[in-house]
Amino acid sequence: MEEKQITNNVIMVRPANFGFNEETASNNSFQSNEGDLSPKEISDKAKREFDGFVDKLRKHQINVTVFEDTPKPYTPDAVFPNNWFSTHHDGLVISYPMYAPIRRLERRPDLLKKLEESFIIDRDYTFEHYEEDDLFLEGTGSLILDRPNKIVYAALSPRTDISLLDKWSILMDYRKVNFTAVDRQDQQIYHTNVMMALGIDFVIICLDSISNEEEKKVVIKSFNNTNKTIIDITYDQMESFAGNMLQLQSNNGDNYLIMSTTAYNSLTETQIKVIESKTKILTGDIPTIEKYGGGGVRCMIAENFLPQKKK
């Protein structure tokens, strides 16, 4: 059975203690702790943004399963669940090793158990033990999956280890396309999904961030070979989370590219026209989560590709 690129089922975690995470800030240049908001004000604003975003997805007929984050242990980044697990069309769930020790507390066996009430999970595989060797691979933050063509794109970084990428590719029988992507300061970009988003027949990517010309050629060739229209974004746009987008499908068959208001406002009219020729656009307003968490709408959504149980 061919894998689909997009789904109408997603999983999201409503944050209990959202806030600026010192442990992740060391290699996430998208985070900022500037401003005079108190931790409680930041957390409360994040909850309101989360609830508004979920409401918008549901109003557009996208199925959202919401799990409540627990007050303890303290997990300021729990709103970004796509980093600790991924789901697959054949009933497989994979869990991943996380760079920041505090983020490892986000893993929720109870969440997966609850999912089993409505979806089929018949296999699981874990990479978690590689944390003992300081090797990391952070789910669909690290891995951009072209599911129908069985290709995985990955920007190598402290959070995306080449040896684990090799193991993942062998396990899943995917062809890997790895490269190094850097920010303006020539630092490795922490997650692939902030510089690249892959849809059914298009890709949004900051090509300037791939400084190695040979690697860039390989990436572009792979897109051309799989008939993906390339929408190239600038550093300014990437820093506005224009690379952190996700295409989803509604229950009535409409395809939407989910992006934040920040990302949308950074796009040119020409880019918007190209995107709208491929898919509808749906925006969510999450400035607090973007600023203090350093992640956008894509980071907040864990896609659910598991087969549904028959009622």
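Is Phe136 buried, partly exposed or exposed at 5% relative accessibility? In this predicted model, Phe136 counts as buried, because buried means a relative accessible area under 20%. I shall begin with that residue and its aromatic partner, and then turn to the helices, a sheet and two individual residues.

The partner of Phe136 is Tyr99. The two ring centres are 5.5 Å apart and the planes meet at 75°, so the pair is classed as edge-to-face. Tyr99 belongs to the loop between strand 4 and helix 3, the latter being residues 109-115. Phe136 belongs to the loop between strand 5 and helix 4, residues 139-142. With their positions 37 residues apart, the pair links distant parts of the chain. Tyr99 itself has 26% relative accessibility and therefore counts as partly exposed.

A second pair is formed by Tyr153 and Phe223. Here the centres lie 5.0 Å apart and the planes are at 40°, so this pair is tilted. Tyr153 sits in strand 7 and Phe223 in helix 6, residues 213-225, and the pair spans 70 residues of sequence. Both Tyr153 and Phe223 are buried. Elsewhere, Tyr96, Tyr125, Phe127 and Tyr130 make up one aromatic cluster. The count for the model is 7 aromatic pairs.

I turn now to helix 5, residues 162-172. Its buried residues are Leu164, Leu165, Trp168, Ser169 and Met172. They occupy an arc of only 140° around the axis, which means that they lie on the same side of helix 5. The general background is that an α-helix has 3.6 residues a turn, so residues three or four places apart point the same way. The buried residues of helix 5 pack against strand 4, strand 6, strand 7 and strand 8. Just after this helix, Asp173 adopts a positive phi of about 60°.

Leu171 also belongs to helix 5. Its relative accessible area is 36%, so Leu171 is partly exposed. Beyond its neighbours within four places in sequence, Leu171 is in contact with Ile94, Tyr125 and Phe127. Tyr125 and Phe127 are also members of the aromatic cluster already mentioned. From Leu171 to Lys228, the C-alpha to C-alpha distance is 25 Å, with a sequence separation of 57 residues.

Helix 9, residues 269-278, may be described in a similar manner. Gln271, Ile272 and Ile275 are its buried residues. Viewed down the axis of helix 9, these fall within an arc of 100°, so they line one face of the helix. The face turned away from the buried side carries the exposed residues Glu269, Thr270, Lys273 and Ser277. Which elements do the buried residues of helix 9 pack against? They pack against strand 10, strand 11, helix 7, strand 13, helix 8 and strand 14.

Next, a sheet. Strands 3, 4 and 5 form an open sheet of 3 strands, in the order 3-4-5 and with mixed pairing. Strand 3, residues 85-87, and strand 5, residues 123-126, are the edge strands, each pairing on one side only. From one strand to the next, the twist averages 15°. Strand 4, residues 92-95, pairs with strand 5 in the parallel sense over 4 bridges. Val93 stands opposite Asp124 in strand 5.

I shall close with two buried residues. Asp146 is placed in strand 6, residues 144-146. Its relative accessibility is 1%, so Asp146 counts as buried. The side chain of Asp146 makes a polar contact with the side chain of Asn149 at 3.0 Å. Setting aside neighbours within four places in sequence, the contacts of Asp146 are Gln5, Ile151, Tyr153, Tyr174, Leu198, Thr226 and Lys228.

The other residue is Thr192, in the loop between strand 8 and strand 9, residues 196-198. At 0% relative accessibility, Thr192 counts as buried. What does the side chain of Thr192 reach at 2.7 Å? It reaches the backbone oxygen of Ser142. Not counting residues up to four places away in sequence, Thr192 touches Gly141, Ser142, Ile144, Tyr153, Ala154, Ala155 and Phe179. Tyr153 thus appears among the contacts of Asp146 and among those of Thr192, and Tyr153 is also the tilted partner of Phe223.

Terms used. Residues numbered from 1 in each chain as written. Predicted model: local features only at pLDDT ≥ 70, side-chain atom pairs only at ≥ 80, totals over all residues. Heavy atoms only, no water. Buried < 20%, exposed > 50% of the residue type's maximum accessible area, 1.4 Å probe, protein only. Polar contact = N/O pair within 3.5 Å; in protein donor to acceptor, adjacent residues only side chain to side chain. Contact = heavy atoms within 4.5 Å. Pairing = 2+ DSSP bridges. Axes fitted to C-alpha atoms, helices over the stretch in contact; angles between N-to-C directions. Arc of directions from axis to C-beta. Phe/Tyr/Trp six-rings, centres within 6.5 Å; stacked < 30°, edge-to-face > 60°.
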